[in-house]
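Reader: Could you walk me through the enclosed spaces in this protein? I would like to take them one at a time.

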Amino acid sequence: MKQKKIQKTPQWLLRFLIWRERHIKEKTFVMILAFVVGLLCGFSALLLKWLIHFIAGQLTGHANISEGNYIYLIYPAIGIVLAGLFVRYVVRDNISHGVTRVLYSISQNKSRLKPHNMYSSMIASSITIGCGGSVGAEGPIVYTGAAVGSNLGQMFRMSPRVLMILVGCGAAAGIAGIFKAPIAGVLFTLEVLMLDLTTVSVMPLLIASITGATVAYVFTGYNVEFDFTQSESFLTQRIPYVIALGVFCGLVSLYFTKVMNMMENFFRKRLVTPVKRTIVGGTILAVLVFLFPPLYGEGYSSINGLLDGDPASIVNGSLFYSDGHNTWFILAFIGMIVLLKGFATSATNGGGGVGGTFAPSLYVGCMSGFFFALLVNHVGLSLGLDLSTKNFALMGMAGVMAGVMHAPLMAIFLTAEMTGGYDLFLPLLIVSTISYVTIKFFEPYSIYTMRLAQRGELLTHHKDKAVLTLLKMDSVIETDFLPVKPEMNLKEMVEVISKSHRNLFPVVDDDNKLLGVVLLDDIRNIMFRPDLYRRMYVSRFMSMPPAKIEVGQNMEAVMKVFDDTGAWNLPVVENGRYVGFVSKSKIFNSYRRVLRHYSED
């Protein structure tokens, strides 16, 4: 198999690999690759944004802002259908939940992503979002960037440890390029992808992130992603309200996460065919977008409207345009958007569209912060200190993002970088931290990691758990134990013992089902008595193992079984059939090897 791969490798690449190994140190080469990844991901981010804006502009450029638009009942559903067909018949692979799949590749697939991931998510998400899918482009650009880093590393035959760094570089550059936020790009890989910050990884991550952001700045100018001008200074007297906003954002984050999970389970378990999922998802999305046009696409124009202090713009293009100057109606309208955004996002993905939850969390945060400040002001709870709705909308963006993604540092810096709101750094810190602490009471994992955590496939900063996650059951199963049958007599058992270098023997039936084990120590007192050779049978002196390990169990669960039983060797079975044994010593040796491999500096 290896020879086949070598034959398919271009000769120029082989010559380059040999030359590189002689003349360029690995650390230097990784930094060069990080720069190339940053360039490619920066251009990918620009292309993705252009595609989305081009499609959306062509479809909605002539929409009437002063009345309802029935095109919103058509375009979102068409986008889901087209994206679903592209994924089903062209890609032929599941590319939803991009960030989760990047996490899975890091923890379970040695950071290897397929070549089509470098473009498939971009095409599918641009169709989905441009036609009105209520999702974000950031998840797809992370998936794309990670795939660029992974495939570039694979092409140059880099080790899994370096591949992991390059995957992080691609993700960081993607975030930096699409938001013009290099610091947030690095923090995303640390908090969301949970890569360790070491002397080996820090420079490549910085190089890739800065390069991706630089590409965006060169081609789109030095303006920030969202137009925000702080016209009202922040006063320390408003800190109690900032604390309250943090708690509110934490609860909104929890609600958003629960809705997303509930709807995902509904689409996966209740709607078993793609046609049903497309019909239900497209119908839900079309109705919600028609009633609440701000749910169309990423919703960044609505965010800009609120950050500009223009709440009336939120009802543009809706059936309720004439009510845009009624404060109570605006409150109800924004409140419904906060409650329904999760349904619109999950209906988009569940129906067959492709997009992330990154932008929706930003969107919900902006709406939540604006809603909070407007409500406090309108009912007179501000005690004469009118809250700036613009400022609180900005803080809400950081708060909900920190809660949904469990990434407070990234939320703080991303919000500041993409709006220029550095003067609000203290309240951003307060809101993000309190929101994160609030949701942690109810949900220990982020919206990206909970699926993997439930299956024990999540790589975390906890070193022991991370190494156990990287270990695979197949690599520690030992199969050189000689099996015996229950009807064998002691003489036959002794003959098997003479051929084995083990002191443990699995007892199996004709179907290879594990019935028990024979320990050499348990029969040592009778194995040298010839008078018992024909009278004693394996079925009489075998014993049951303290526990059995199932094939496919994660290593953290396996170690828990060892701790609970105090055993040193445990049998491994698959549907009751004997496979082999796993031992503590084998696991410890593998643990030390993996720890050494992934911790090199």
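Reader: Happy to have it in view. How do the residues of the lining of the second largest cavity divide into nonpolar, polar and charged?

Author: Keep in mind that this is a predicted model. The lining is made up of K49, I52, H53, A137, E138, I178, F179, E225, E298 and Y300. Sorted by character, these residues come to five nonpolar, one polar and four charged.

Reader: Which helix supplies the largest share of the lining of the second largest cavity?

Author: Two helices, α3 and α8 (160-179), each bring at least two residues to this lining. The largest share is three residues, and the helix they come from is α3.

Reader: K49 is one of the lining residues there. Which backbone oxygen does the side chain of K49 reach?

Author: K49 sits in helix α3, which spans residues 26-60. Setting aside neighbours within four places in sequence, K49 is in contact with I178 and E225, and both of these also line the second largest cavity. At 3.3 Å, the side chain of K49 reaches the backbone oxygen of I178.

Reader: Lovely. How much space lies in the largest cavity?

Author: The structure has three cavities of 30 Å³ or more. The second largest holds about 60 Å³, while the space in the largest is about 120 Å³.

Reader: And which helix gives the most to the lining of the largest cavity?

Author: That lining has 13 residues, and those closest to the cavity centre are H97, G355, G356, T357 and Y448. By character, the lining residues are four nonpolar, eight polar and one charged. The top contribution is three residues, from residues 98-108, helix α5.

How values were computed: Residues numbered from 1 in each chain as written. Predicted model: local features only at pLDDT ≥ 70, side-chain atom pairs only at ≥ 80, totals over all residues. Heavy atoms only, no water. Helix = DSSP H or I, 4+ residues; strand = E, 2+ residues; numbered from the N terminus. Polar contact = N/O pair within 3.5 Å; in protein donor to acceptor, adjacent residues only side chain to side chain. Contact = heavy atoms within 4.5 Å. 1 Å grid on protein atoms, 1.4 Å probe; cavity = no way out; pocket = protein on both sides within 12 Å on 5 of 7 lines; lining within 4 Å. Points joined across faces, edges and corners; volume = space filled by probe spheres on them. Nonpolar A, V, L, I, M, F, W, Y, C, P; charged D, E, K, R; others polar.
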